[in-house]
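Here is a short set of notes for a colleague opening this structure. Please read the points with the model on screen.

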Amino acid sequence: KKGKRGIVENDLFKQDWRSRKKNQIFQYVVLKWALVLLIGLLTGLVGFFNNLAVENIAGFKLVLTGDLMLQKRYFTAFLAYGGCNLVLGATAAALCAYIAPAAAGSGIPEVKAYLNGVDAYSILAPSTLFVKIFGSILGVSGGFVLGKEGPMVHTGACIANLLGQGGSRKYHLTWNWLKYFKNDRDRRDLITCGAAAGVAAAFRAPVGGVLFALEEAASWWRSALLWRTFFTTAVVAVVLRALIEFCRKGKCGLFGQGGLIMFDLSSNVPSYGTQDLIAIIILGVIGGVFGGLFNFLLDRILRVYSIINERGAPSKILLTITISIITSACSYGLPWLAACSPCPVGSMEECPTIGRSGNFKSFQCPPGHYNGLASLFFNTNDDAIRNLFSRGTENEFHMSSLFVFFIAIYCLGLVTYGIAVPSGLFIPVILAGATYGRIVGTLLGPMSDIDPGLFALLGAASFLGGTMRMTVSVCVILLELTNELHMLPLVMLVLLISKTIADCFNKGVYDQIVVMKGLPFMEAHAEPYMRHLVASDVVSGPLISFSGVEKVGNIVHALRITGHNGFPVVDEPPVSEAPELVGLVLRSHVLVLLSGRNFMKEKVKTSGSFVLRRFGAFDFAKPGSGKGMKIEDLDFTEEEMEMYVDLHPITNTSPYTVVETMSLAKAAVLFRALGLRHLLVVPKTPGRFPIVGILTRHDLMPEHIHGLFPNLRKSH
């Protein structure tokens, strides 16, 4: 697991910036904005393509089943419905299991860890992107209780990564002019923009996307990022708007008003009184309790699933098929329990609904009647949410239907998340929350002036707050989805209550998954027990340092026996008067330098000009994922091993250092705030060797610290 670093300041880098001409610097700035524009365009297109595909595949499936039911061929209808779901689900699982296992799940925890500095294997690879897009379409069309919203964040990040590293060498798609972005800071910025664009494309919520990136995804934020992400999400919003206008003309098959969830609730301004505030507080409490419970159960289920999934691809596919059959049985079987209701008089929509989306599904009912539960189960998830959020439909759903639907969605949402299909948690959570919001709204109907559709919105907010623990971004996303600005104070209140209550039980759902996947995530705050330790306590030894002009044999030996990514460089007499710390040299840079084979017979300091002549700064640029040189690739003769090489030109002369007596809590906060990979620990007293050790992400992990000091209990 590789960490992150910012810009490395060595002679080469300084020389490179000095030699850049005005037009090159201009090219760099223009490129940055052009890439951000491209990320926005591509993510918008992918988001639209996802919706188009889901609406058409799921629409075809629902129309086929509906036609069979009108002919009273109920069993054949179930076979057609379940069969379609099974094929779609199994295909998605096969893609995930055989091509890109990293694409399963929502991908938000992985993007979050990446932006924190954990570069996990193949998490943003082109194959992951491909499987994420198609697996997500198949999974959502296959009727699973999952959303395409979480995977869109991962998709956006993958698109940004692909553009940021100049394409993919493995698939022979590379652009040389993108080589400016081979440092970590630019790459991280682009991926943050990609994650924001993903949310914007999923919910058509551009501001929500920016806030999501700020609140949940990025660990490391600076003001320039704010308007770069804002620009990206604006591009996404424009692209989606244009494409939807194009579809309004009916050129997109079954893609009607549906697809991108847009619920326009604002018709009349509701006034709310004191009794409504009590209802809001109740909703917040329910959301907090249900959210905490959801995270607890999900954690348990994911642990069981990971044992099943580790057995290999066939068992992953089998698990997916099992869940698919259960889901089909629930969504086809449960509506039979609901009674038929006569169509409401003077309703705006046709009743019963012919075709696919709509509030009034006839299912097995006689003409002029509809089945309320079927209108929730027998729809795409987006349409079900639209039905729950709909206004002026106080008596449309029976209490019993809502209860059945809530229990089914809550349980199915839990068991569906861990299967090998790209799956988002947003939609199941919004569905379950909107359902119990509507239940509370119907119960309080006589006392309250607020429409049950608005209660559904508040319920969705409370459950999102309880599971995801995001407040600002969820609030803005919901308001952008529903155009309900006057609901802002109520949504804020509900979110604050549900987050506060759920925080008493456990962590947010994405944080839990990061911990469960064993990704070494650095929290924003230091743990209390760190205050009792100092920086030199946890440095894992033994320290390997190089002198400024070092023997080739020593370097090769050090690289072979350790996996360290950075080595301190120390000048000793006669090169300098007293031992002094020159800086830090990175493993990848040493390998590039050794491959140039510019070795010397004597141990003398050079001007370093040969490095500048021989290599450009781009030779030392960070390679794409999984590429880069390895020590095993280099072979040296006995004679070369006895020669010397000057490390000064490639040494980062301004590494971050802390004094050995600094409290570990302070060092940990510094490490994360600066997005570091190495933090050098220097001695406090003069006359000693100029470096005590290096702090890395591994040294700051709780497991490592508790391993060194078993008596340090977390109770401190």
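1. Start with a helix pair in this predicted model. The axes of helix α10 (residues 274–309) and helix α14 (residues 399–416) cross at roughly 40° and come within 8 Å. An angle under 35 degrees would count as roughly parallel, and the roughly perpendicular range begins at 65. α10 and α14 are therefore oblique to each other.

2. Look next at what lies between the two helices. From α10, the residues in contact are Phe290, Leu293, Phe294, Leu297, Leu298, Ile301 and Tyr305. They meet Phe406, Tyr410, Gly413, Leu414 and Val415 of α14. As background, an α-helix has 3.6 residues a turn, so residues three or four places apart point the same way.

3. Stay on α14 for one more residue. Ser401 belongs to this helix. Is Ser401 buried or exposed? Its relative accessibility is 3%, so Ser401 counts as buried. Leaving aside residues up to four places away in sequence, Ser401 touches Ala338 and Leu373. Ser401 and Leu334 are 67 residues apart along the chain, yet 9.2 Å separates their C-alpha atoms.

4. Helix α13 (residues 381–389) is mostly covered, with eight of its nine residues buried. The buried residues are Asn381, Asp382, Asp383, Ala384, Ile385, Asn387, Leu388 and Phe389. What covers them? The cover includes α14 again, along with α2 (22–70), α12 (372–377), α15 (426–443), α16 (452–468) and α17 (472–482).

5. Phe389 of α13 also turns up in the largest nonpolar core. That core has 134 residues. Phe203, Phe389 and Phe426 have the most contacts inside it. Where does the core sit? Domain 1 (30–249) and domain 2 (275–311 + 334–517) both contribute residues, so the core lies between them. Another core, of 25 residues, lies apart from it. Among the residues of that other core are Ile555, Leu559, Val592 and Ile631. In soluble globular proteins, nonpolar side chains tend to be buried together.

6. Val592 leads to helix α21 (residues 587–596), where Val592 is one of the buried residues. Eight of the ten residues of α21 are buried, so the helix is largely enclosed by the rest of the structure. Besides Val592, the buried set includes Arg587, His589, Val590, Leu591, Leu593, Leu594 and Gly596. Check the backbone just after α21: Arg597 takes a positive phi of about 55° there.

7. How many disulfides does the structure hold? There are two. A disulfide is a covalent bond between the sulfur atoms of two cysteines. One joins Cys340 to Cys365, with an S to S distance of 2.0 Å. The torsion about its S-S bond is about -90°, so this disulfide is left-handed. Cys340 lies in the loop between α11 (313–333) and β3 (341–342), and Cys365 in the loop between β3 and β4 (369–370). The pair therefore ties together parts that are 25 residues apart in sequence.

8. The ends of that link are not equally covered. Cys340 counts as partly exposed, at 30% relative accessibility. Cys365 counts as buried, at 10%.

9. Cys343 and Cys351 form a disulfide as well, with their sulfur atoms 1.9 Å apart. This link is left-handed too, with -75° about the S-S bond. Cys351 is partly exposed, at 23% relative accessibility. Two further cysteines deserve a glance. Cys84 has a relative accessible area of 21% and is partly exposed. Cys475 is buried, at 6%.

10. Leu88 is placed in helix α3 (residues 74–98). Its relative accessibility is 12%, so Leu88 counts as buried. Which residues does Leu88 touch, not counting residues up to four places away in sequence? They are Ile57, Leu138, Ser141 and Gly142. Ile57 is 31 residues from Leu88 in sequence, and their C-alpha atoms are 9.5 Å apart.

11. Last, the whole chain. The secondary structure comes to 25 helices and twelve strands. Of the 716 residues, 58% count as buried. Take the contacts between residues at least 6 apart in sequence: 79% of them join residues at least 24 apart.

Note on methods: Residues are numbered from 1 along each chain as its sequence is written. This is a predicted model: local features need pLDDT of at least 70, side-chain atom pairs count only at pLDDT 80 or more; totals for chains, interfaces and linings use all residues. Side-chain values use heavy atoms; hydrogens and water are left out. A nonpolar core is a set of buried Ala, Val, Leu, Ile, Met, Phe, Trp, Tyr and Cys residues joined through side-chain atoms within 4.5 Å. Buried means under 20% relative accessible area, exposed over 50%, partly exposed in between (1.4 Å probe, protein chains only). Domain bounds come from an automatic or database domain assignment. A disulfide is a pair of cysteine sulfur atoms within 2.5 Å. Helices (H or I, at least four residues) and strands (E, at least two) are DSSP runs, numbered from the N terminus. Axes are lines fitted to C-alpha atoms, for helices over the stretch in contact, and angles run from 0 to 180 degrees between N-to-C directions. Angles under 35 degrees count as roughly parallel, over 145 as roughly antiparallel, 65 to 115 as roughly perpendicular and the rest as oblique. Contact means heavy atoms within 4.5 Å.
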